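Trainee: I'm new to this one. Could you pick one part and walk me through it closely?

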Amino acid sequence: MSLRLSTVILPYRRWHEGGRSAWTRAEQLGFHTAYTYDHLSWRTFRDGPWFGAVPTLTAAASVTDRLRLGTLVTSPNFRHPVTLAKELISLDDISGGRVTLGIGAGGSGFDATALGQEPWTPRERADRFAEFVPLLDRLLSEDAVSYEGDFYSAHEARNIPGCVQRPRLPFAVAATGPRGMRLAARFGQAWVTTGDPKLYENGTPEQSIQAIRGQAERLDDICAEGGRDMTDLDRVLLTGFTPDRVAPLQSLNAFVDFAGRHVELGFTEIVIHWPIPDSPFAADEKVFEQIAMEAPAQLR
């Protein structure tokens with residue numbers, strides 16, 4: 001399978017002041033998917049403009065025709081499966097079946113406390129995620145769902161007519177631990193990783209490759225245990241969070257070398273951040289566009 005090259009466009013610009021043009025340009029450049037982050041605010045962007053993921057993707061669906069669209073990632077931090085399912089079914093309809101849901105357990109950032117709650121521990125996030133994903137799977141696949149869980153409930157929740165994509169839109173499950181990987185193996189159409197966060201500050205690219213190889217091998221084992229054909233599960237690397245940081249975007253050759261080493265580990269999709277000046281995602285736009293247009297052919 002040829003490598004899919006995708007991008008993630010952070011929702012920090014007003015739609016008519018550069019927001020729209022990024023999405024239409026992403027389609028022109030031939031990206032497979034353009035994702036956006038599903039946060040209420042995020043890291044160094046907290047005190048600046050930041051827009052909602054679902055309205056942004058809805059607007060992007062209206063100005064594109066072929067580009068797949070998605071979140072990378074949605075989490076239970078401020079989402080409920082019942083209301084999220086209704087929004088996703090609507091978005092899938094508006095886009096003509098072009099939506100992928102990137103989904104993860106969430107973290108301890110601003111989203112974790114924006115609704116006034118104490119941040120959940122890693123164990124609490126994993127417990128909620130283990131209930132969130134199966135319930136969302138049902139809500140997107142069945143006309144009516146009732147459920148009573150430890151964290152989430154649904155009472156005769158109606159989701160007619162369901163997704164355009166059948167039996168539902170695809171899940172790309174972000175996970176590095178065994179519980180999350182089991183959810184990816186059971187419910188996901190793709191698995192997502194950003195690498196090993198412990199290596200970001202002081203690790204080396206070689207250590208990162210070894211860590212990601214270990215993650216991929218654990219996923220293989222979990223797929224085998226669950227009877228899942230591992231070749232049926234796409235593998236997605238969200239870049240920018242390994243020790244390489246933005247170095248792979250310095251030149252076409254640098255990216256092809258970086259991507260090729262991850263393709264050898266079985267990755268089928270690599271996601272690069274749309275350049276943002278004066279940020280951790282700063283990159284030369286001309287080089288970025290060259291990578292978008294030429295790198296996939298070199299990685300076949």
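Mentor: Let's look at helix 1 and then at a salt bridge from one of its neighbours. This is a predicted model, where local features need pLDDT of at least 70 and side-chain atom pairs count only at pLDDT 80 or more, while totals for chains, interfaces and linings use all residues. Residues are numbered from 1 along each chain as its sequence is written, and side-chain values use heavy atoms, leaving out hydrogens and water.

Helix 1 covers residues 19-28, and its buried residues are Gly19, Ala22, Trp23, Ala26 and Glu27. They sit on the same side of helix 1, because they span an arc of only 135° around the axis. That arc is taken from the directions from the helix axis to the C-beta atoms. Buried here means under 20% relative accessible area, exposed over 50%, and partly exposed in between (1.4 Å probe, protein chains only). Helices (H or I, at least four residues) and strands (E, at least two) are DSSP runs, numbered from the N terminus.

What do those buried residues pack against? Strand 1 (4-8), strand 2 (33-36), helix 2 (53-62) and strand 3 (68-74), with contact meaning heavy atoms within 4.5 Å. Just after helix 1, Gly30 has a positive phi of about 90°.

Now follow strand 1: its Arg4 makes a salt bridge with Asp234, with the closest N and O atoms 2.8 Å apart. The two are 230 residues apart, Asp234 being in strand 9 (residues 234-238). A salt bridge is a side-chain nitrogen of Lys or Arg within 4 Å of a carboxyl oxygen of Asp or Glu. Asp234 is buried at 17% relative accessible area, whereas Arg4 is partly exposed at 25%.
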